[in-house]
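Biologist: I would like to go through this structure slowly. Please tell me each time how you reach a label.

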Amino acid sequence: MNRTWLLRGGGLLLLLLLPWVLRDRLSLTIPLVIGLHAVLAIGLTLLAGQAGQVSLGQAAFYGIGAYTAALLTVRLGWDPWVALGMAVLVATSLAYALGAPVMVLRGHYLVLGTLALNVVVEVILRNWQDLTGGANGLSGVPPLHLGPLGELRGTLPYYYLTWGLVLLSLRMGHNLLRSRAGRALAAIRASEVAAVSLGIPPTRYKLQLFAYSAACAAVAGGLYAYELGFVSPSPFGFELSIAVLVMSVLGGIHHLPGAVLGAAIVTLLRELLRSLLPQLFRGGASAEYEAVVYGLLLAATVIAAPTGLWPLLTYWTRRPAQELRIQLERPVPPPPAQVPTDPIGPAHGSDPAVEVRSVTKRFGGLVAVDGLSFTVRPGEIYAIIGPNGAGKTTVLNLITGLLRPTTGTFALFGFPVHTLPPERIASLGVARTFQTPRVVWDLTVLDNVRLGMHLHLRTGFLTSLLGLNRGEEVRSTRQAEALLDRLGLAAHAHEIAANLPFGSLRLLELARALALRPRLLLLDEPASGLSGEQRGELARLIQEIREEGTTVVLVEHDVGMVLQVADRVLVLHQGRCIAEGSPAVVRAHPEVISAYLGPGGVQVATPIPGDLRSGQRAQA
Amino acid sequence: MTLGQQLAQFIAAGIVNGAIYALLGLGLVVIYSVTRAVNVAQGELAALGALLAATLVSAGWPVEGALLVAPTASALVGLLAYLAGIRPVRTASPLVLIIVTIAMHLTLKGLLLLLWGTDPYALPPFSQGPPLRILGAVVARQSVWILLTALVALTVLYGFFGYTLYGKALRACAINDLAARLMGIRPQTMGAMAWTLAGALGGLAGVLITPLTLATYDMGLMLGLKGFVGAVAAGLTSYPLAVLGCLLFGIVESLVAGVLPSGYRDAIAFGVLVIALLVRAVLALRQGVLVGEEVLTE
Amino acid sequence: MKPLPAQGSPEEARDLRGHLQVYDLHASYGPIQALRGATLECAPGEFVAVIGPNGAGKSTLLRAILGLLPHRGEVLLDGRSLRALPTENRVRCGLALVPERRQLFDTLSVLDNLLLSGFGRGLSRPRMEERLRLVFSLFPVLAERQRALARSLSGGQQQMLAIGRALMSEPCVLLMDEPLLGLAPLIVSELLGLLRRLCAQGLSVVLVEQNARAALSVADRAYVLERGRIVQSGPARDLQADPAVQRAYLGGPPEPEASSGRES
């Protein structure tokens, strides 16, 4: 801890004093450029580490920022600060326009999409002579002005401004990761299915992150233009986008400060190469040789140090690296007794909680659910049982919107929902658990529960970045602790979820679902993998939840538990309902006994066609 | 020339370019569907074929010889790229695979620069003579060469994927990787085959396009990108759709380039790419099942 | 891709091959410990059933034996350790898995699905043809529909294709993950009879099944897997008669307490 602060303090002091240290010996331009590149790399590191997407468009957004600022001030005489704001707006809008289809498609189109963007920006900058001045560039860009300091001329003020921006973006990135948005991104990385069923829209968060990385680049571009007073197309080429990627990967995409380290190394290397390469290779194109060095560096990093250099550096400080993970929360005062219990979603009258009307779901040739209809009354515990492969989980996936029915409709609390996306269905007050618990392994138990509160919290992406969420964070922590206390997990609150034993993972998932304060709770085989004692506890808990007014739909294999807790039971077999009614009625149903427990006493009498013996010889 | 003639001219030129993009697009699809890597270095394999063919022909080789040797060399480089770059990180996330192919792109381009320098190389048309007239369009003999060669290559590919067990094994790997392994099919062997095949296709595309343009060490990026634009229409998974997408893109590019100043030609790819992505995204949203794959693997 | 070396004459080979031994197998899905030291054995030509409740780790057991997920412990086939081998090479040694959910090549034809299995195993053309005749004789409906796409088959036909495809690779041990799932009772009994016959011909079968009644009715021996451990084993007949097993898995004397499962 002390060493970390020593390192930070030392770094800050060095940054402050660097201009005096260098004085006339070396130009301040290089540290300035390192800072600008660091801002570009921080944006990319956030995007790659948190959303798993590579952008090759940082140079394009940098260029868009620089040119927007330059054009608005030179041609229209705008105030430089307003122009800078406009530059950010242009870059983020463009990122939204390009990113929206890419993120919806979920593939890995972003890398080539941004590559194409880079190409098109270069083409426009060079060819639209009337607007951009073409290859000759645009001169006479006015400097920024700052209150009493007046116009900021020379490198020194921009050096401080840029590094201030670096520290600010580090801080904002850090804020983001510790916020509601950061947790949402962690959930999306862990399992998009779990994320959407908590009401988290994956596309929107990834898109916001992409737009943010573009905004970072645009601000850096604006500063560049004001410092130099001149812009030309050459600094914003594809080669810089590659260099920024190298910076991020070299520093480590899961380590935000690594971006600064990467920017410093790559920028210095670039200067070195630019003085060395022309001597080695005559005939120009030294920029291309530079690219080769980047290529090799990139390959070497991915293969030799896939986590990047930052973790190796911070090893010295003898504490877990400053990873882009939500860190353990400091203990907070004991929770207040008052925990809101009002369920989420619009109020409803006496409409059935679930109404399924002749729903069919096919997968290729397989009919998983076949013309199924049933109704769940509000406030009851409704169990769905049936042999493996009967279509039980498919029914849950249909209700939660993870799958669309092939035919048929269904309504929740009277709202037709069969066309809504899963995150919208969650916001109607529907929570679920999964057969295999889908918790976010690298978050704490507490943060996992806070994920369940996603729909109740209001902090948006921007507020998260600015760190304006303290009050809500404290409140949600307390509520989450109260829930954990109720499920007997309070002792593990600050542990990483991956350390929990299996049974506790189920409880954690249940706690997360309850944190949504659902009107309808769907449980997918909650008892499997639990011990007898844990099953008993679970049964009690389910009844308790119902008494609080939540409707429970329970898919379960443990017939005993179902018969014990359920008000009504639906028996599925091959996607069809073969019986429905009270546990007693269902238990006595002959068809149920034969379907659920398997055809009794299978006799092996059916003749087998073909000559087995000849085949057997071939087998040996 | 009447407007109709002009249109025919543009469309013919577009189909010729589209055929070349199709070869590149198919390479991207086979690599993506078998090894899950978006290959940013696909165009470099074409540039290698182009430069090699130009050098061989200017050294006195017959065109047919160059047409065989250059794709073979590209195929070998593709194989090497797989063995050196992708195989070691085979099980890593798609993010890592993309970073590796970007590294490949840079390294290959650097090698081409070292070997060939910055000068452009010319390749004479495969046969001399006045252009042909087809349906009102004037078609250069080289264009006929391109179309015929591409057609032969596509037919061979069709036979390979449709009628040989190796080809079907490649498709099987793309359809269900787990099942393929359960059948004893080796993912590494299939990955190596996919990259070799993509290399050969890239090399062929490079040789074919050189007489129309010129061969330079840095021609790869744009070529690869244009193949990608066509392949996106197919979601990077379907071979016939990829061919169709590339042909369509070739035509659109040719038509739009006819009305734009020449400097903007490379920008068309971006516009079409965004439109293709939008269309696919709208279709995906309408189908609705966006997280379906993950549910089914439960 | 060469076939395994032949070991003596076919008759001798049959006696030698298909002995699967699994010792102290541990495996986990992410941080979830799904298998905690399972030990079991299947002798050549033996029919072994593994039963247990949902989430007991039955599928994980088969996946670990095939090397589909990282695991600790030993897997021996005819005395040879498979531990260091990747899945595809284990298949080439003679293991075949009929996976849960069938995992067919949906958009390839029935015939291609079958041939690819022989191809992966590295069979020569004539041996592939011979094998194909065997599979078609076992499942005539596959022969009728050999040109159809796999995804257009009905559920039962798809299951037959999955089994036929596994048999195409000339396995000496056939591992099956819930093959009876979603099949009509008549087909279930047909399928079990078929497996029984294959066993009689020297094929070792490990059947993981939720449908304990059906599985125990045909198996020679059975294991009960609960929460990642083998908690009971013995001849299938004995387990069928065991009151605890009856209560838990055979829907035996219905008592409310049956729900809580037995403690291991």
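Modeller: Start with one term: two strands pair if DSSP finds at least two bridges between them. Keep in mind that this is a predicted model.

Biologist: How do you know that strand S9 (residues 221-226) of chain C and S10(C) pair?

Modeller: Set the number against the cut-off. Pairing needs at least two bridges, and S9(C) and S10(C) have six bridges, in the antiparallel sense. Therefore the two strands count as paired. Leu225(C) of S9(C) stands opposite Ile230(C) in S10(C). Arg221(C) stands opposite Pro235(C) in S10(C).

Biologist: What lies between the strands in the hairpin of S9(C) and S10(C)?

Modeller: Two residues lie between them. In this hairpin, Arg227(C) takes a positive phi near 45°.

Biologist: In which sense do strand S3 (residues 47-51) of chain C and S9(C) pair?

Modeller: In the parallel sense, over four bridges. The cut-off is at least two bridges, so this also counts as a pair. Here Val48(C) stands opposite Arg221(C) in S9(C).

Biologist: What is the order of the strands in the open sheet of chain C?

Modeller: Six strands form it, in the order S6-S7-S8-S3-S9-S10, and the pairing is mixed.

Biologist: Why do strand S6 (95-98) and strand S10 (229-235) of chain C stand at the edges?

Modeller: Each has a single partner strand, so one side of each is left without a neighbour in the sheet. From one strand to the next, the twist averages 15°.

Biologist: What makes S9(C) largely enclosed by the rest of the structure?

Modeller: Six of its six residues are buried, so the strand is largely enclosed. Both faces are covered. Arg221(C), Tyr223(C) and Leu225(C) are buried on one side. Ala222(C), Val224(C) and Glu226(C) are buried on the other.

Biologist: Is Arg36(B) buried or exposed?

Modeller: Buried. The label needs 20 or more other C-beta atoms within 10 Å. Arg36(B) has 20, so it meets the cut-off. Its place is in the loop between H1 and helix H2 (42-58) of chain B. It has a positive phi of about 65° although it is not a glycine.

Biologist: And Phe413(A): buried or exposed?

Modeller: Phe413(A) has 23 other C-beta atoms within 10 Å, so it is buried. Its loop runs between strand S8 (407-412) and strand S9 (415-416) of chain A. Phe413(A) is not a glycine, yet its phi is positive, about 50°.

Biologist: Now Glu591(A): buried or exposed?

Modeller: A residue is exposed with 12 or fewer such atoms. Glu591(A) has 11 other C-beta atoms within 10 Å, so it is exposed. It is found in helix H24 (residues 590-597) of chain A. Not counting residues up to four places away in sequence, it touches Ile578(A) and Ala579(A). Its C-alpha atom and that of Gly134(A) are separated by 80 Å.

Biologist: What makes H6(B) roughly perpendicular to H8(B)?

Modeller: Helix H6 (residues 165-175) and helix H8 (residues 187-209) of chain B pack at an angle of about 105°, with their axes 10 Å apart. The range for roughly perpendicular is 65 to 115 degrees. The angle falls in it, so H6(B) is roughly perpendicular to H8(B). H6(B) brings Tyr166(B), Ala169(B), Leu170(B) and Cys173(B) to the contact. H8(B) brings Pro187(B), Met190(B), Met193(B) and Ala194(B). The residues of this contact are eight nonpolar, no polar and no charged.

Biologist: Which residues touch the most other members in the largest nonpolar core?

Modeller: Ala187(A), Leu554(A) and Val205(C), out of 401 residues. Helix H1 (residues 3-35) of chain B gives this core its largest share, 18 residues. Leaving aside neighbours within four places in sequence, Val205(C) is in contact with residues including Phe47(C), Val48(C) and Leu174(C).

Biologist: How many residues does the contact of chain B and chain A take from each?

Modeller: The contact takes 48 residues from chain B and 50 residues from chain A. On the chain B side, H4(B) gives the most, with 13 residues. That side divides into 34 nonpolar, nine polar and five charged residues.

Notes. Residues are numbered from 1 along each chain as its sequence is written. Chains are lettered from A and ligands numbered from 1 in the order in which they are written. This is a predicted model: local features need pLDDT of at least 70, side-chain atom pairs count only at pLDDT 80 or more; totals for chains, interfaces and linings use all residues. Axes are lines fitted to C-alpha atoms, for helices over the stretch in contact, and angles run from 0 to 180 degrees between N-to-C directions. Angles under 35 degrees count as roughly parallel, over 145 as roughly antiparallel, 65 to 115 as roughly perpendicular and the rest as oblique. Two residues are in contact if their C-beta atoms, placed from the backbone, lie within 7 Å. Ala, Val, Leu, Ile, Met, Phe, Trp, Tyr, Cys and Pro count as nonpolar, Asp, Glu, Lys and Arg as charged, and the others, Gly among them, as polar. A nonpolar core is a set of buried Ala, Val, Leu, Ile, Met, Phe, Trp, Tyr and Cys residues joined through C-beta atoms within 7 Å.
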